[in-house]
Amino acid sequence: WTPEDEAMILSFCGSKDSVAWRREAGCELVTDAEEMIVPEFLDAEESIVVDDYPRPTHFKPHSTLDTGWLDWNAVVFHYVDFLKQTLVIEDEIVARYKSTGEIAAAMKEKETALYPGLLLRRRGDLKEQALHDLRVDHGLYVQPVEKWDRDSAIAGLRTTIQRRKLKIHRRCRHLIFQLRNGIWNKQRTEFERSKQLGHCDALAALIYAHRTANWRENPFPEELIFIEPDKFHVPGSNAVKRRDALLQLVGRLN
């Protein structure tokens, strides 16, 4: 193009460092941070997206759903690493035009593969009819999600991402893509819809999962502390005090 063309484009874009210039002149796929639902993810992705995350010895598995028909059905499977106070997203289901039965079958298959023999807690953004069908027809009890004050729920997730207290397995490609590219509509009233993003349904499921995560629930049974005090050394515990007193007595006798 001519210098005049460049000058005209630059006048619209503001500067060569602007997102608009990188899009229009550089033909880059760039998301404007001011439009993003979770802008903190841009800086945090490298430490949040993992190829593997070692599970703690004790944890409580959960699944969280955001369902639709024209929009996508999305389910994220997750738990809280209690000792590290980190929310871990292990897998996802993202599918379109699925019946309640098809969603239930996909969830059961994924749950069995991820958490064989473990009891899952489930929450979902579903209508009463779908909640009933899952429970009665498919044996899946799903509690409704908490939907009050969406902005505070998103703010909480953004803070957790900023603190690097979220881990997402790389296999959750839809969720990662939506975190990278999910934006608000022009009125900032809804998530922007697109063919690639849907309605950011996996991201919505993550927002619900983060809000309902029980960060304070200790998954470790009490007997670990008191039956094996040498292995699980808890300063100040009665078992440790008794052991130390006995050792002192034996030392004096010798």
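The exercises below go through a predicted model of one protein, each with a worked solution.

Residues are numbered from 1 along each chain as its sequence is written. Local features need pLDDT of at least 70 and side-chain atom pairs count only at pLDDT 80 or more, while totals for chains, interfaces and linings use all residues; side-chain values use heavy atoms, with hydrogens and water left out.

**Exercise 1. Overall make-up**

Task: State how many helices and strands the protein holds, and what share of its residues count as buried.

Solution.
- Step 1. Helices (H or I, at least four residues) and strands (E, at least two) are DSSP runs, numbered from the N terminus. The protein has ten helices and seven strands.
- Step 2. Buried means under 20% relative accessible area, exposed over 50%, and partly exposed in between (1.4 Å probe, protein chains only). Of the 254 residues, 42% count as buried.
- Step 3. A contact means heavy atoms within 4.5 Å. Among contacts in the protein with a separation of 6 or more, 62% come from residues 24 or more positions apart.

**Exercise 2. The nonpolar cores**

Task: Find which residues of the largest nonpolar core touch the most other members, and which element gives the most to this core.

Solution.
- Step 1. A nonpolar core is a set of buried Ala, Val, Leu, Ile, Met, Phe, Trp, Tyr and Cys residues joined through side-chain atoms within 4.5 Å.
- Step 2. The largest core has 35 residues, and those touching the most other members are Ile89, Leu166, Ile168, Leu175, Leu179, Leu203 and Leu206.
- Step 3. At least two residues of this core come from each of α3 (41-48), β3 (73-81), β4 (86-95), α6 (150-162), β7 (166-169), α7 (173-181) and α8 (201-212). Helix α8 gives the most, with seven residues.
- Step 4. Take Leu166: leaving out residues up to four places away in sequence, Leu166 touches Ile48, Thr86, Leu87, Ile89, Leu157, Thr160, Ile161 and Leu206.
- Step 5. A second, separate core has 21 residues, including Tyr79, Val88, Leu134 and Val142.

**Exercise 3. Aromatic pairs**

Task: Describe the pair of Phe59 and Tyr79 by distance and angle, then do so for Trp184 and Phe191.

Solution.
- Step 1. Rings of Phe, Tyr and Trp (its six-membered ring) pair if their centres lie within 6.5 Å; planes under 30 degrees apart count as stacked, over 60 as edge-to-face and the rest as tilted. The structure holds three aromatic pairs.
- Step 2. The ring centres of Phe59 and Tyr79 are 4.7 Å apart and the planes stand at 40 degrees, so this pair is tilted.
- Step 3. Phe59 is in the loop between β1 (49-50) and β2 (62-66) and Tyr79 is in strand β3, so the pair ties together parts 20 residues apart in sequence. Both Phe59 and Tyr79 are buried, and together with Tyr115 they form one aromatic cluster.
- Step 4. The pair of Trp184 and Phe191 is edge-to-face, at 5.3 Å centre to centre and 70 degrees between the planes. Trp184 is buried at 9% relative accessibility, and Phe191 is buried with a relative accessible area of 9%.

**Exercise 4. Charged side chains**

Task: Work out where the partners of the Glu40 and Arg158 salt bridge lie, and how far Asp81 is from the nearest side chain of opposite charge.

Solution.
- Step 1. A salt bridge is a side-chain nitrogen of Lys or Arg within 4 Å of a carboxyl oxygen of Asp or Glu. The structure holds nine salt bridges.
- Step 2. Glu40 and Arg158 meet at 2.8 Å, N to O. Glu40 is in the loop between α2 (19-24) and α3 and Arg158 is in helix α6, 118 residues apart. Glu40 is buried, at 18% relative accessible area, whereas Arg158 is partly exposed, at 31%.
- Step 3. Arg122 and Glu111 also form a salt bridge of 2.8 Å, N to O. Arg122 belongs to strand β5 (residues 121-125) and Glu111 to helix α4 (residues 100-114), eleven residues apart; both are buried.
- Step 4. For opposite charge, Lys and Arg count as positive and Asp and Glu as negative; His and the chain ends are not counted. Asp81, in strand β3, is buried yet has no salt bridge, and the nearest side chain of opposite charge, Lys84, is 4.6 Å away.
- Step 5. Leaving out residues up to four places away in sequence, Asp81 touches Tyr53, Pro56, Thr86 and Val88.
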